[in-house]
Amino acid sequence: VSTGDFGNHRLSSRSVSWNSSGLYLAIASSDRMTRLCAVEGSNPREILAISGHTGPVERVRFHPNQETLICTAASDSTVRLWDVRGASQKALGQIDVSPGTS
(Lines give C-alpha, C1' and ligand atoms only; values in the text may rest on other atoms or scores of the structure.)
Protein backbone atom coordinates (compact mmCIF):
# COMPACT_ATOMS: atom_id res chain seq x y z
CA VAL A 1 0.00 0.00 0.00
CA SER A 2 1.37 3.40 -0.85
CA THR A 3 2.86 5.85 1.59
CA GLY A 4 0.52 8.55 2.86
CA ASP A 5 0.45 11.66 4.99
CA PHE A 6 -1.06 11.77 8.47
CA GLY A 7 -0.74 14.98 10.36
CA ASN A 8 2.82 16.24 10.13
CA HIS A 9 4.51 12.93 9.37
CA ARG A 10 4.65 10.32 6.62
CA LEU A 11 4.10 6.63 7.10
CA SER A 12 4.18 3.45 5.11
CA SER A 13 0.85 1.64 5.18
CA ARG A 14 1.22 -2.15 5.42
CA SER A 15 -2.42 -3.27 5.34
CA VAL A 16 -5.92 -1.79 5.25
CA SER A 17 -9.36 -3.12 6.19
CA TRP A 18 -12.90 -1.75 5.91
CA ASN A 19 -15.46 -2.53 8.61
CA SER A 20 -18.67 -4.34 7.60
CA SER A 21 -20.71 -1.12 7.31
CA GLY A 22 -18.08 0.56 5.12
CA LEU A 23 -17.90 3.61 7.38
CA TYR A 24 -14.49 2.98 8.92
CA LEU A 25 -11.10 2.15 7.46
CA ALA A 26 -8.31 0.67 9.60
CA ILE A 27 -4.72 1.21 8.47
CA ALA A 28 -1.72 -0.78 9.75
CA SER A 29 1.48 1.21 9.52
CA SER A 30 5.23 1.05 9.81
CA ASP A 31 5.28 3.38 12.85
CA ARG A 32 3.80 0.65 15.16
CA MET A 33 0.35 2.27 15.03
CA THR A 34 -3.03 1.25 13.71
CA ARG A 35 -5.16 4.17 12.63
CA LEU A 36 -8.92 4.25 12.36
CA CYS A 37 -10.43 6.66 9.87
CA ALA A 38 -14.05 7.68 9.42
CA VAL A 39 -14.85 7.91 5.75
CA GLU A 40 -17.56 10.42 4.97
CA GLY A 41 -17.76 11.38 1.33
CA SER A 42 -14.31 12.05 -0.08
CA ASN A 43 -12.80 13.33 3.19
CA PRO A 44 -11.43 10.54 5.40
CA ARG A 45 -10.47 11.75 8.86
CA GLU A 46 -8.46 9.99 11.54
CA ILE A 47 -10.54 9.37 14.65
CA LEU A 48 -8.32 6.97 16.61
CA ALA A 49 -4.67 5.93 16.70
CA ILE A 50 -4.09 2.60 18.44
CA SER A 51 -0.66 1.97 19.95
CA GLY A 52 0.67 -1.06 21.77
CA HIS A 53 2.82 -3.01 19.34
CA THR A 54 6.61 -2.67 19.63
CA GLY A 55 7.21 -3.35 15.95
CA PRO A 56 5.63 -2.32 12.65
CA VAL A 57 2.01 -3.45 12.30
CA GLU A 58 1.96 -5.79 9.30
CA ARG A 59 -1.74 -6.75 9.07
CA VAL A 60 -5.09 -5.39 10.22
CA ARG A 61 -8.57 -6.88 9.81
CA PHE A 62 -11.99 -5.92 11.09
CA HIS A 63 -14.13 -8.72 12.49
CA PRO A 64 -16.61 -9.74 9.77
CA ASN A 65 -19.70 -9.25 12.00
CA GLN A 66 -18.61 -7.18 15.01
CA GLU A 67 -17.74 -3.91 13.31
CA THR A 68 -15.91 -2.42 16.31
CA LEU A 69 -13.38 -5.28 16.70
CA ILE A 70 -10.00 -5.12 14.99
CA CYS A 71 -7.28 -7.76 14.91
CA THR A 72 -3.67 -6.67 14.30
CA ALA A 73 -0.48 -8.65 13.67
CA ALA A 74 2.94 -7.06 13.99
CA SER A 75 6.61 -7.84 13.51
CA ASP A 76 6.90 -7.96 17.33
CA SER A 77 5.50 -11.53 17.02
CA THR A 78 2.12 -10.68 18.56
CA VAL A 79 -1.45 -10.75 17.33
CA ARG A 80 -3.82 -8.46 19.26
CA LEU A 81 -7.56 -7.91 19.41
CA TRP A 82 -8.87 -4.36 19.96
CA ASP A 83 -12.30 -2.83 20.52
CA VAL A 84 -12.22 0.58 18.86
CA ARG A 85 -15.06 1.87 21.07
CA GLY A 86 -12.69 2.09 24.02
CA ALA A 87 -10.04 4.76 24.26
CA SER A 88 -8.00 2.79 26.82
CA GLN A 89 -5.43 1.64 24.20
CA LYS A 90 -5.41 -1.76 25.92
CA ALA A 91 -5.80 -4.85 23.78
CA LEU A 92 -8.69 -7.17 24.65
CA GLY A 93 -6.40 -10.13 24.02
CA GLN A 94 -2.97 -11.04 22.75
CA ILE A 95 -1.36 -14.12 21.20
CA ASP A 96 2.41 -14.38 21.25
CA VAL A 97 3.76 -16.20 18.22
CA SER A 98 7.29 -17.30 17.52
CA PRO A 99 8.62 -17.35 13.97
CA GLY A 100 8.92 -20.85 12.55
CA THR A 101 6.42 -22.50 14.91
CA SER A 102 2.98 -23.80 14.17
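Which side chain makes a polar contact with the side chain of Asp83? Here's a set of close-ups to help you find out, all taken from a predicted model.

**Close-up 1. Asp83 and its polar partners.** It's the side chain of Thr68 that makes a polar contact with the side chain of Asp83, at 3.3 Å. Asp83 also has a polar contact with the side chain of Arg85, this one at 2.6 Å. To find Asp83 along the chain, look in strand S8, which covers residues 78-83. Now skip the neighbours within four places in sequence: Asp83 is then in contact with Thr68, Leu69 and Leu92. So Thr68 turns up in that contact list because contact here means heavy atoms within 4.5 Å, and the polar contact between Thr68 and Asp83 spans 3.3 Å.

**Close-up 2. Asp76 pairs up with Arg80.** Side chains of opposite charge can pair when their charged atoms come close. In this view, the side chains of Asp76 and Arg80 meet in a salt bridge, with 3.8 Å from N to O. Are these two residues buried or exposed? Asp76 is buried, with a relative accessible area of 17%, and Arg80 is buried too, at 12%. Both get that label because buried means under 20% relative accessible area.

**Close-up 3. A network around Arg35.** Some salt bridges share partners, and here they join Asp31, Arg35 and Glu46 into one network. One of the links is the salt bridge between the side chains of Asp31 and Arg35, at 3.0 Å from N to O. Take a look at how covered these two are: Arg35 counts as buried, with 5% relative accessibility, whereas Asp31 is partly exposed at 24%.

**Close-up 4. Glu40 meets Arg45.** Here's another salt bridge to spot, formed by the side chains of Glu40 and Arg45. The N to O distance is 3.4 Å. Arg45 is partly exposed, with a relative accessible area of 45%. How many salt bridges does the model have? The count comes to five.

**Close-up 5. A nonpolar patch on the surface.** Time to leave the charges behind and look at Leu23, Tyr24 and Ile47, which form a nonpolar patch on the surface. Together they have about 240 Å² of accessible area. Where does Leu23 sit? You'll find Leu23 in the loop between strand S2 (9-18) and strand S3 (24-29). Leu23 is partly exposed, with a relative accessible area of 45%. That value lets Leu23 join a patch, because patch residues need over 30% relative accessible area.

Technical notes. Residues numbered from 1 in each chain as written. Predicted model: local features only at pLDDT ≥ 70, side-chain atom pairs only at ≥ 80, totals over all residues. Heavy atoms only, no water. Salt bridge = Lys/Arg side-chain N within 4 Å of Asp/Glu carboxyl O. Buried < 20%, exposed > 50% of the residue type's maximum accessible area, 1.4 Å probe, protein only. Helix = DSSP H or I, 4+ residues; strand = E, 2+ residues; numbered from the N terminus. Polar contact = N/O pair within 3.5 Å; in protein donor to acceptor, adjacent residues only side chain to side chain. Patch = residues over 30% accessible without salt bridge, like charges linked within 9 Å, V, L, I, M, F, W, Y side chains within 5 Å. Areas by Shrake-Rupley, 256 points an atom, 1.4 Å probe, with all protein chains shown as cover.
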